[in-house]
Amino acid sequence: MSTATPTDTGAPRVWLGCLGCYNDGALVGRWLDCTDVEDVTLADLHEGSGRPYAACEEVWVLDHEFVPVEGEFGPLEAAQWGRCYEEAGPEQWPAVCAWVRSGMHVTQGTSDLPSLPDFEERYCGHWESFREYAEQLADDTGMTTGWPEEAVRYFDWASWTRDLAFDHTVVDAPAGEGYGVYVFRDL
């Protein structure tokens, strides 16, 4: 089973197949973008296969790429992942996948689908390191503003950064992103 890994980026795709044919030892189906699966029928999948589909009853996702969950699922869930991808956009999709893979994501109802409003609230960006994020956060919030120069110079950044990490989820960015980590605030 293919699933999104830290080195995968791209639009989510599924291998949509006829479950009856699969159970009979024949592969009848095709790869589709998740955004295109909602209206696919058994007749569409059997087109050109040379196999009858009168006794077939179910379409199923038997493999997938760039979907950050494991296992098989139905075409309705595949379509939901497609809508999630479209809403997040291709630029944010690797970060959404990283958040889901972390296991710290907030879901929509009982599914594995992430809540994108919660993602947007928690996503702190793509950074070279968590230390870089922490230093920028200190600058942005004016944490050391008004401190004597000696206090800033002797401040224990390593300890502060380590403690700050307890309030965040940090996930390695895909190799295709070039470097770094994704940082998410734990609320």
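**Figure 1. A salt bridge within helix 6 of the predicted model.** In this predicted model, Glu-135 and Arg-131 both belong to helix 6 (residues 130–141), where four residues, about one turn of the helix, separate them. An α-helix has 3.6 residues a turn, so residues three or four places apart point the same way. Glu-135 forms a salt bridge with Arg-131, and the closest N and O atoms are 2.6 Å apart. Are the two partners buried or exposed? Glu-135 is partly exposed, with a relative accessible area of 33%, and Arg-131 is also partly exposed, at 36%.

**Figure 2. A salt bridge within helix 7.** Glu-149 and Arg-153 are both found in helix 7 (residues 149–154), again four residues apart, about one turn of the helix. Their closest N and O atoms are 3.5 Å apart, and the pair forms a salt bridge. Glu-149 is exposed because its relative accessible area, 59%, is over the cut-off of 50%. Arg-153, at 48% relative accessibility, counts as partly exposed.

**Figure 3. A salt bridge between Arg-162 and Asp-163.** Arg-162 forms a salt bridge with Asp-163, and the closest N and O atoms of this pair are 3.3 Å apart. Arg-162 counts as partly exposed at 49% relative accessibility, and Asp-163 counts as partly exposed at 40%. How many salt bridges does the model contain? The count comes to five salt bridges, and the pair Arg-162 and Asp-163 is one of them.

**Figure 4. The surroundings of Thr-161 in helix 8.** Thr-161 is found in helix 8 (residues 157–165). Thr-161 is buried because its relative accessible area, 8%, is under the cut-off of 20%. Which residues touch Thr-161, once its neighbours within four places in sequence are left aside? Thr-161 is in contact with Phe-130, Arg-131 and Ala-134. One of these, Arg-131, also takes part in the salt bridge with Glu-135.

**Figure 5. The open sheet of three strands.** The strands of this open sheet are arranged in the order 2-1-3, with antiparallel pairing. Strand 2 (29–33) and strand 3 are the edge strands, each pairing on one side only. On average, neighbouring strands of the sheet are turned by 30 degrees against each other, direction ignored. Strands of a sheet pair through backbone hydrogen bonds, either parallel or antiparallel. Strand 1 and strand 2 run antiparallel and are joined by five bridges. Gly-17 has Gly-29, in strand 2, as its bridge partner. Helix 3 lies across strand 1 and strand 3, and runs at about 40 degrees to strand 3.

**Figure 6. The largest nonpolar core, between the two domains.** In soluble globular proteins, nonpolar side chains tend to be buried together. The largest nonpolar core of the model has 40 residues, and those with the most contacts inside it are Leu-16, Phe-73, Trp-81, Trp-93 and Phe-119. Among the elements that give two or more residues to this core are strand 1 (13–18), helix 2 (42–46), strand 3 (59–65) and helix 3 (75–88). Helix 4 (93–102), helix 5 (116–122) and strand 6 (181–185) are also among these elements. Which element provides the largest share of the core? The largest share, seven residues, comes from helix 4. Domain 1 (1–89) and domain 2 (91–186) both give residues to this core, so the core lies between them. The C-alpha centres of the two domains lie 33 Å apart.

**Figure 7. Contacts of Phe-73, and another core.** With its neighbours within four places in sequence left aside, Phe-73 is in contact with Val-14, Trp-60, Val-61, His-64, Val-67, Ala-78 and Trp-81. Apart from the largest core lies another core, of eight residues, among them Cys-124, Trp-127, Tyr-133 and Leu-164.

**Figure 8. Helix 4 and its packing partners.** Helix 4 is mostly covered, as eight of its 10 residues are buried. These buried residues are Trp-93, Pro-94, Ala-95, Val-96, Cys-97, Ala-98, Trp-99 and Val-100. Against which elements do the buried residues of helix 4 pack? They pack against helix 3, helix 5, strand 4 (123–127), strand 5 (168–172) and strand 6. Helix 4 is followed by Gly-103, which has a positive phi, near 80 degrees.

Definitions and conventions: Residues are numbered from 1 along each chain as its sequence is written. This is a predicted model: local features need pLDDT of at least 70, side-chain atom pairs count only at pLDDT 80 or more; totals for chains, interfaces and linings use all residues. Side-chain values use heavy atoms; hydrogens and water are left out. A salt bridge is a side-chain nitrogen of Lys or Arg within 4 Å of a carboxyl oxygen of Asp or Glu. Buried means under 20% relative accessible area, exposed over 50%, partly exposed in between (1.4 Å probe, protein chains only). Domain bounds come from an automatic or database domain assignment. Contact means heavy atoms within 4.5 Å. A nonpolar core is a set of buried Ala, Val, Leu, Ile, Met, Phe, Trp, Tyr and Cys residues joined through side-chain atoms within 4.5 Å. Two strands pair if DSSP finds at least two bridges between them. Axes are lines fitted to C-alpha atoms, for helices over the stretch in contact, and angles run from 0 to 180 degrees between N-to-C directions.
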